[in-house]
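Open the model in your viewer and keep the sequence panel in sight. The tour makes three stops, each beginning with a selection.

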Amino acid sequence: MTSSGNTMDDEDTFKILIATDIHLGYLEKDAVRGNDTFVTFDEIMKHAKENEVDFILLGGDLFHDNKPSRKAMHSCLEIMRKYCMGDTPILFDIISDQAVNFDNSRFPWVNYQDENLNISTPVFSVHGNHDDPTGADGLCALDLLSCAGLVNHFGRSRSVEKLEISPILLQKGSTKIALYGIGSIPDERLYRMFVNKQVTMLRPREDEESWFNMFVIHQNRSKHGATNYIPEQFLDDFLDLVIWGHEHECKITPARNEQQLFYVTQPGSSVVTSLSPGEAVKKHIGLLRVKGRKMNLQKIPLQTVRQFLIEDVTLANHTDLFSPEQPNVMQKIQAFCQQKVEEMLEEAERDRLGNPLMPEKPLIRLRVDYSGGFEPFTTMRFSQKFVDRVANPKDILHFTRHRESKDNVKEEAIDFDMLLSRPSSEVLQLRVEDLVKEYFQTAEKNMQLSLLTEQGMGKAVQEYVDKEERDAIEELINYQLEKTQRYLRERRVEASEEKIDEEIRRFRDSKRNTAEEDEEVQEAISRAKAHRDRGDSVRDDADLSDELPDITMESDEDSAPAPSGRGRGRGARGRGGRSQSTTARGRARGAGSQSGRGGRGQKTLSSPVKTKSIMEAFQAPAPRASRGTAKKSVEIIIDDSDSEDDSSFVPSKPVQRTSSITSSKRSSQSQSQSYKGVCFDDDDDDEDEFDPFKGSSRQGRR
């Protein structure tokens, strides 16, 4: 339905196309499904053009890979240039400080105000967990599109301790929208920020109640663990609409949160990326209209999405057809599964009639529960029967076995008000290392750690989550393996698996809860930082001979340059040499800070060491190359100064929820919530024209 035939689209009405999780480039090398994401993205942008929207709002995961291929990036640029550029005038203004809203860009202003660009449909987007910023410069694929002038990337945070969200203030006629956004952040970290009251959402100081407040978030909405999701109760209650990305199941019809009194819409993904029941729901995008404090959301079904049908069968429920005792039960089960797949293909063909845009081959998944004495069969020959009829012939069947639930295990309800009101000292107990320790304590025997300790692994995982030390876990394993190999060689253990396993357990248990365990973790973290900070220039200057020499930094005490010739010297971690960065003893070979023996090196970086198994270490012991620590990188905090002609902000009330609220605050809140008119419309049956702002009375929010 275009705006030309709609009398409700006036100069005060925002029209916004919302979509999330497009995942450009997913399975792009697949012969059948390779172009699915690009075709659907073209359809989404075409809807925006036909409906003459004011702007497009994306909720993250525009790309499936963190480093999109040239094909994926080229297709995205081609489609955006096709639909986003033109002479159509932009009818809304941005009245907030754009230098704050787009502070991560070298061009800190909205793209349609750039004098070198001609934008007809602006695109605003946050990043997701698939296309999040990485690397030393913290860049992501959206930054490339932003630099090209096609996307306005917002909602980015550089701090890992606290979060201050400044909205983009939009105005069209008398309607004003405050657009908040958070790009994807590790759920545990953001959860801890909310609980520690380190998340602040700024609000316009002038006329707070006249703004329609929208919030775009890309996090887990469903609970995947104790802190691995973001509860809706954590969000501020002054919000009107929350657009939730990351969840792929389409729940685009806004659902009211009765506690916080805002609405949540979950558009879901536009492509099937996993063969799960949530992906089988019909895919939609939304056309959002906002006028004053009233809104209307129109569902637009996507026609180019590949069909996906999923069905569950339990073999034990069909005892009239087969039983485990029958000699030919396997052939009967295969015939039964083949019949089910045929029925699903017939249903897909009926749904595809009359829609030429829908891909021909559907996705089929049959989940077979074989508990009750049955056995699964090989699916390769079964899949070959449907190679030319389905898009996923290799994974049509999925065998599962029903697991009996543990008795007397009930999930306790979480009181979020009490959680948010707890002092920060109690919140510190919610740490990742505690979850790791709890996991291994309750894990099965074959999943227990045999070389590392639970505390050491927990601290390494904590470093990965809190500080994004991606090499912390790997370095801890390598360092512990080296140390265990050296311990076994010194004790001259018999080269049998039983003796080695016994000595390893004894060695591991002797370090539990000791200072030596903490030193191992710190050494692993130092190695990870050194590995991360080692630049390309250091690698180029390194001697790449077979002897893997150390690269020794210049000593503080001797400013004379090192001799150009190679000699046998004592490095920072050499035997008998003095080292400032570690207490371990080892033999380093390479150029020292002074010629000859006994030279004092300050810090040493070595080339990566090939890790051998314990059995290989007994067969061919080799000298261990040493590694030093590098200085911790300096965190730069940017303080944005206020502009003279910007709208001023005041922090909203803390995320803490308390029961003691003044009567004036309560009355103003109830008044502001009472006139948020809401009207929803489904594009599947638009027989008559509708007025989304008609009938949006006080009772609409009750």
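**Stop one: α12 and α13**

Select residues 472-491, helix α12, together with residues 497-509, helix α13; the two pack at an angle of about 115°, and their axes lie 11 Å apart. Bear in mind from here on that this is a predicted model. Seen along the line between them, α12 and α13 make a right-handed crossing.

Now show side chains at the contact. From α12, pick Q480, K483, T484, Y487, L488 and R491; from α13, pick I500, E503, I504 and F507. Coloured by class, this contact shows five nonpolar, two polar and three charged residues.

**Stop two: α1 and α2**

Go back towards the start of the chain and select residues 36-50, which form α1, and residues 70-84, which form α2. Here the packing angle is about 15°, with 10 Å between the axes. Angles under 35 degrees count as roughly parallel, so α1 is roughly parallel to α2. The crossing of α1 past α2 is right-handed.

On the α1 side of the contact, select F38, F41, D42, M45, K46 and K49. On the α2 side, select K71, A72, S75, C76, I79, M80, K82, Y83 and C84. By class, the α1 and α2 contact residues comprise nine nonpolar, one polar and five charged.

**Stop three: the largest cavity**

How many cavities of 30 Å³ or more does the model hold? The count is three. The largest cavity has about 80 Å³ of space.

To find the largest cavity, select its lining: Y26, L27, R33, D36, T40, S270, V271, V272, V305, R306 and L363. This lining divides into six nonpolar, two polar and three charged residues. Two of the lining residues, D36 and T40, fall within the 36-50 range of α1, the helix selected at the previous stop.

Definitions and conventions
Residues numbered from 1 in each chain as written. Predicted model: local features only at pLDDT ≥ 70, side-chain atom pairs only at ≥ 80, totals over all residues. Heavy atoms only, no water. Axes fitted to C-alpha atoms, helices over the stretch in contact; angles between N-to-C directions. Helix = DSSP H or I, 4+ residues; strand = E, 2+ residues; numbered from the N terminus. Parallel < 35°, antiparallel > 145°, perpendicular 65-115°, else oblique. Left-handed = near helix turned anticlockwise from the far one by under 90°. Contact = heavy atoms within 4.5 Å. Nonpolar A, V, L, I, M, F, W, Y, C, P; charged D, E, K, R; others polar. 1 Å grid on protein atoms, 1.4 Å probe; cavity = no way out; pocket = protein on both sides within 12 Å on 5 of 7 lines; lining within 4 Å. Points joined across faces, edges and corners; volume = space filled by probe spheres on them.
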